[in-house]
Amino acid sequence: MPSSPLVVALSGLSSTGKSTIASHLAVIFGPPLYILTILHVDDFYKPQTELPYREGLLDWDCAQSLDWPRLEHAVENWRDGVEIKEGKTNPQPQFQKHPTAVASAGIQKQEGNGITKALVEQLQAEAPTPKATDIPQRILILDGFLLFAPSVSPAFRSLLDLKVLLRAPYVDAKRRRESRSGYVTMEGWWEDPPGYFDKVVWPNYVKENKSFFVDGDVEGGIDERICEEEGVSVWLGETDGLAKVLTWVAGEVKRIVEQNRS
């Protein structure tokens, strides 16, 4: 009997490396033992005309900016074995081009994050064998922000088998976000206006994730009781490189795969 499909929510503050981690997971948990699909939540924004405002600025970084019914329907379809047009199955990692990137093909070292081909191959070799070796284990990675925040419906959160929260200190997150030139939208191109991180991005992140931390301090320790009750795993290590983060997230996915086959 095949193992049941698994949905992994990779959530966290903007610019914490979620998409990079997801693309490498697609190799670590790749064919022939796995079929891993990535669903980028950025593909489920509402039209710009329907987005709310915060502090007089258009708010792309709140839960209300997403079309949750459409996203929930896509996840349910995937569970039922229906191909979803927004999904990307076992894509090869794509490195973002920036001044310190190594622009070579395949999985090469990207300066600044520490992820190497050798590390990915090591983690791939350590991936567990699914229960039915003749039928690949299906995994869906949701790459997005606020995926299991309190304002997200319990019905959607119940679809998630693993909830992973990546975090970064305020200073690092602000620097990374403000270093981005802009974003492609359905309507064209969006650039953060001055003050957007402090007025929109960070307040939304704190509001929606503070319950997972002691005294609501998102840069402090986690509230272990709440995280256990909600089934949330939080990265507490270094944030200046992604190699350790990838190793930890791959370990979390490995854990639920092993639980799923027992």
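**Salt bridges, strands and a cavity**

Hi everyone, let me start with one side chain: Arg255 has a relative accessibility of 32%, which counts as partly exposed. Here buried means under 20% relative accessible area, exposed means over 50%, and partly exposed lies in between, with a 1.4 Å probe and protein chains only. This is a predicted model, where local features need pLDDT of at least 70 and side-chain atom pairs count only at pLDDT 80 or more, while totals for chains, interfaces and linings use all residues. Residues are numbered from 1 along each chain as its sequence is written, and side-chain values use heavy atoms, with hydrogens and water left out.

Back to Arg255. What does Arg255 form a salt bridge with? Its partner is Glu252, and the closest N and O atoms are 2.8 Å apart. By salt bridge I mean a side-chain nitrogen of Lys or Arg within 4 Å of a carboxyl oxygen of Asp or Glu. Both residues sit in helix α8 (residues 243–261), three residues apart, or about one turn of the helix. Helices (H or I, at least four residues) and strands (E, at least two) are DSSP runs, numbered from the N terminus. Unlike its partly exposed partner, Glu252 is buried, at 14% relative accessibility.

Let me stay with α8 for a moment. Its 19 residues should span 27 Å at 1.5 Å a residue, and the end C-alpha atoms are indeed 27 Å apart, so the two agree. For the bookkeeping, the expected span is 1.5 Å times one less than the number of residues. Besides Glu252, the buried residues of α8 include Val245, Leu246, Val249, Ala250, Val253, Ile256, Val257 and Asn260. Looking down the axis of α8, you find the buried residues within an arc of 155°, so they line one face of the helix. That arc is taken from the directions from the helix axis to the C-beta atoms.

Now for the other salt bridges. How many does the structure hold? There are nine. One of them joins the side chains of Arg157 and Glu230, at 3.7 Å from N to O. This pair links distant parts of the chain, with Arg157 in helix α4 (residues 154–157) and Glu230 in helix α7 (residues 224–230), 73 residues apart. Arg157 counts as buried at 18%, whereas Glu230 is partly exposed at 31%.

Another one pairs Arg177 with Asp192, whose closest N and O atoms are 2.7 Å apart. Arg177 belongs to helix α5 (residues 170–178) and Asp192 to the loop between β9 (188–190) and α6 (196–209), so 15 residues separate these distant parts of the chain. Arg177 is buried, with a relative accessible area of 4%, while Asp192 is partly exposed at 27%. The pair also has company: Asp61, Arg177 and Asp192 are linked in a network of salt bridges.

On to the strands. Is strand β1 (residues 6–12) largely enclosed or open? Seven of its seven residues are buried, so β1 is largely enclosed by the rest of the structure. Both of its faces are covered, with Leu6, Val8, Leu10 and Gly12 on one side and Val7, Ala9 and Ser11 on the other. In a regular strand the side chains alternate between the two faces of the sheet.

Strands pair here if DSSP finds at least two bridges between them. Strand β1 runs parallel to strand β6 (residues 137–143), with five bridges between them, and Leu10 has Asp143 as its bridge partner in β6. Five bridges also join β1 to β7, again parallel. In that pairing, Leu10 stands opposite Val164 and Ser11 has Leu165 as its partner.

Strand β7 (residues 162–166) is likewise largely enclosed by the rest of the structure, since five of its five residues are buried. Leu162, Val164 and Leu166 cover one side, and Lys163 and Leu165 the other. Three bridges join β7 to the parallel strand β10 (residues 232–234), where Leu165 stands opposite Val234.

Last stop, the empty space. A search of the whole structure finds two cavities of 30 Å³ or more, and the largest has a volume of about 70 Å³. A cavity is a set of points on a 1 Å grid over the protein atoms alone where a 1.4 Å probe fits but cannot get out, and lining residues have an atom within 4 Å of a point. Grid points are joined across faces, edges and corners, and the volume is the space filled by probe spheres set on the points. Which residues line the largest cavity? They are Gly12, Leu13, Ser14, Asp61, Phe145, Leu146, Val201, Asn204 and Tyr205. Helix α6 gives the largest share of that lining, three residues. Asp61 turns up here as well as in the salt-bridge network. Thanks for listening!

Methods
On a 1 Å grid over the protein atoms alone, a cavity is a set of points where a 1.4 Å probe fits but cannot get out, and a pocket is an open set with protein on both sides within 12 Å along at least five of seven lines; lining residues have an atom within 4 Å of a point.
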